[in-house]
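The exercises below concern strand pairing and pockets. Each task is followed by a solution in steps.

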Amino acid sequence: MFTGLVKEIGKVRRVSKNAEGKVLEIESKVLLPEIAIDDSVSINGACQTAVTITEDSFIVQAVHTTLDKTTLGKLNVGDEVNMELALQLSDRLGGHMVQGHVNDVGTIANIQNTGKNYVVTVRVSPDQMKYIVKEGSITIDGISLTVSNLFKEDCSFQVSIIPHTWDHTVLRNRRVGSLINIEVDILGKYIENLLFHGKQATNAQSQMTESWLRDKGF
């Protein structure tokens, strides 16, 4: 579990293919003293496990499922990545509850700025829009952000990026057309499962009817 607060921008040192997928070696200065083998590290929002530690880097094995569902498979040597270590129970929850499970690869459709305040429009798959609400939480490349606007007809949403976030995350490298990892707020998926549990997906109707609410005392 993560908070979506990026603690360091790392740099990809090595990318090599193997039977299991790709091995990624990431340079780190800030987080490395805390990273141990088997620790979970969020890399651009995708939870990965450190399998090897060197003096100035750590190595993860990105399997085929991860490469198919995220942008990690498109990383090249020299690319910068957002990084965060897993949340400890004693930590402040400054962002929101982020699992590091990428739900979709979105596309940046537009970037507007007033000074260093950037408004970024992101297009996502239609099946993800139901989990995205105005003023709700969203994770972009591992960054906890607030949805400032929603455009359901275009399957897109906007986030407003403060100067500090722009300067201290890989968003500064993104352009119109860039692909980004998206994780929606898990709370919406839990609610959906509770409401539609046991019903056929093609004929799903919520059990929360007016009579059901009356029976429950509402």
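**Exercise 1: a bridge partner**

Find the residue in S5 that stands opposite Thr52.

Solution. Thr52 has Ile59 of S5 opposite it. The model is predicted, with pLDDT of at least 70 required for local features and 80 or more for side-chain atom pairs, while totals for chains, interfaces and linings use all residues. Residues are numbered from 1 along each chain as its sequence is written, and side-chain values use heavy atoms, without hydrogens and water.

Next, place the two strands: S4 covers residues 46-53 and S5 residues 57-63, and they pair in the antiparallel sense over three bridges. Strands are DSSP runs of E with at least two residues, helices are runs of H or I with at least four, and both are numbered from the N terminus. Two strands count as paired if DSSP finds at least two bridges between them.

Last, place the pair in its sheet. S5 and S4 stand side by side in the closed six-stranded barrel S1-S2-S5-S4-S3-S6, where pairing is antiparallel. From one strand to the next, the twist averages 45 degrees (axes are lines fitted to C-alpha atoms, for helices over the stretch in contact; angles between N-to-C directions run from 0 to 180 degrees).

**Exercise 2: another barrel**

Identify the bridge partner of Val122 in S11, then trace the sheet.

Solution. The partner of Val122 is Phe157. S8 (residues 117-123) and S11 (residues 156-161) are joined by six bridges in the antiparallel sense. The barrel order is S7-S8-S11-S10-S9-S12, six strands with antiparallel pairing. Neighbouring strands in this sheet are turned by 45 degrees on average, direction ignored.

**Exercise 3: two pockets**

Describe the lining of the largest pocket and that of the second largest.

Solution. A pocket is an open set of points on a 1 Å grid over the protein atoms alone, where a 1.4 Å probe fits, with protein on both sides within 12 Å along at least five of seven lines; lining residues have an atom within 4 Å of a point.

- The largest pocket has a volume of about 370 Å³ (the space filled by probe spheres set on the points, which are joined across faces, edges and corners).
- Of its 18 lining residues, Gly4, Leu5, Ile143, Ser144 and Thr165 are closest to the centre.
- S10 (143-151) and helix H2 (163-167) each supply at least two lining residues; the largest share, four residues, comes from S10.
- The lining has five nonpolar, twelve polar and one charged residue (Ala, Val, Leu, Ile, Met, Phe, Trp, Tyr, Cys and Pro are nonpolar; Asp, Glu, Lys and Arg charged; the others, Gly among them, polar).
- The second largest pocket has about 320 Å³.
- Of its 15 lining residues, Lys7, Leu85, Ala86, Gln88 and Asp91 are closest to the centre.
- Its lining divides into five nonpolar, four polar and six charged residues.
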